[in-house]
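Visitor: Please select a single part of this model and examine it closely, together with whatever surrounds it. A connected account would be preferred to a list.

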Amino acid sequence: MSQRRVQIVILCEDRQQEVFARYFLKKRGFTGRFRAEICPKGSQAGEQYVRTQYPVEVKAYRQNRNRVSIGLVVLIDADTGTLQERFNQLAQSLSEDSQQNRQPDEAIAIFIPKRNIETWIHYLQGELVDEETGYSKFEKNEATCKPYVENLAEQCLSQNLPEDAPESLQAACGELQRLLLLLKQ
């Protein structure tokens, strides 16, 4: 039996999140096609875009999952809220669209950096961080995160993430498990 190529849809707020996700997933062995849905600059708040597109992408995932090997990766910053608040907002957006909540067997992974993705990148670069401070962006240099993200992917796989890692980053390593089953199909 030949292995189906895995397709990954990345729904995210900005280019930095998309680059982060792509490097992370490639390092974990995802070699299929990636399609990024990124908030258009200046159109609306990134988190608002992700929340409104989430039900659309979940519906598309559910319609296609039985005929193609597909996964959905969602990145949305927690900003000043909590991870649980963001999970609840995404669940509410599905409910408002008359869809059931994300199921345990669905390859839908939700990564919620707190405060933002730059918090994770600065941490991975060896800086002491907290999840309340806003950290500087890597405008037009998004790829600078590659070696750090690849190292993170290894740490997540071996379950060897340092204890001082931000809580939201630890949660993201757990979310990765939802996608790894795709590689075994």
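Guide: The account below sets out the whole chain briefly, then examines one helix and its surroundings.

The model is a predicted one, in which local features need pLDDT of at least 70 and side-chain atom pairs count only at pLDDT 80 or more, while totals for chains, interfaces and linings use all residues. Residues are numbered from 1 along each chain as its sequence is written, and side-chain values use heavy atoms, with hydrogens and water left out.

The protein chain contains six helices and four strands; helices (H or I, at least four residues) and strands (E, at least two) are DSSP runs numbered from the N terminus. Their order along the sequence is β-α-β-α-β-α-β-α-α-α. The protein chain has 185 residues and a radius of gyration of 16 Å, which agrees with the value near 16 Å for a compact globule of that length. That radius is taken over C-alpha atoms, and the globule rule is 2.2 Å times the number of residues to the power 0.38. The C-alpha trace spans about 45 × 40 × 30 Å along its principal axes. Of the 185 residues, 49% are buried, where buried means under 20% relative accessible area, exposed over 50% and partly exposed in between (1.4 Å probe, protein chains only). Among contacts with a separation of 6 or more, 72% are between residues 24 or more positions apart; a contact means heavy atoms within 4.5 Å.

The part chosen for close inspection is helix α4, residues 117-124. Eight of its eight residues are buried, so helix α4 is largely enclosed by the rest of the structure. The buried residues are Ile117, Glu118, Thr119, Trp120, Ile121, His122, Tyr123 and Leu124. They pack against helix α1 (15-27), strands β3 (69-75) and β4 (108-111), and helices α5 (146-157) and α6 (167-180).

The two ends of this helix deserve attention as well. In the loop between β4 and α4 lies Arg115, and the peptide bond from Lys114 to Arg115 is cis, with omega near -10°. After α4 comes Gly126, whose phi is positive, near 100°. Further on, in the loop between α4 and α5, is Lys140. Lys140 is not a glycine, yet its phi is positive, near 60°, and with a relative accessible area of 79% it is exposed. Most residues other than glycine have a negative phi, and most peptide bonds are trans.

The aromatic side chains add further detail. Rings of Phe, Tyr and Trp (its six-membered ring) pair if their centres lie within 6.5 Å; planes under 30 degrees apart count as stacked, over 60 as edge-to-face and the rest as tilted. By this rule there are two aromatic pairs. In one of them, the ring centres of Phe20 and Trp120 are 5.7 Å apart with the planes at 50°, so this pair is tilted. Phe20 belongs to helix α1 and Trp120 to helix α4, so the pair links distant parts of the chain, 100 residues apart. Phe20 is buried at 4% relative accessibility, and Trp120 is buried at 1%. The other pair is formed by Phe24 and Phe111 and is edge-to-face, with 6.2 Å from centre to centre and 70° between the planes. Because Phe24 lies in helix α1 and Phe111 in strand β4, this pair ties together parts that are 87 residues apart in sequence. Phe24 is buried with a relative accessible area of 6%, and Phe111 is likewise buried, with 6%.

Helix α6, one of the elements against which α4 packs, contains Gln170. In contrast to the residues of α4, which are buried, Gln170 is partly exposed, with a relative accessible area of 37%. Leaving aside neighbours within four places in sequence, Gln170 is in contact with Leu161, Pro162, Glu163 and Ala165. Gln170 and Pro113 are 57 residues apart in sequence, and their C-alpha atoms are 9.9 Å apart in space.

In summary, helix α4 has eight of eight residues buried, packs against two strands and three helices, and contributes Trp120 to a pair with Phe20 of helix α1.
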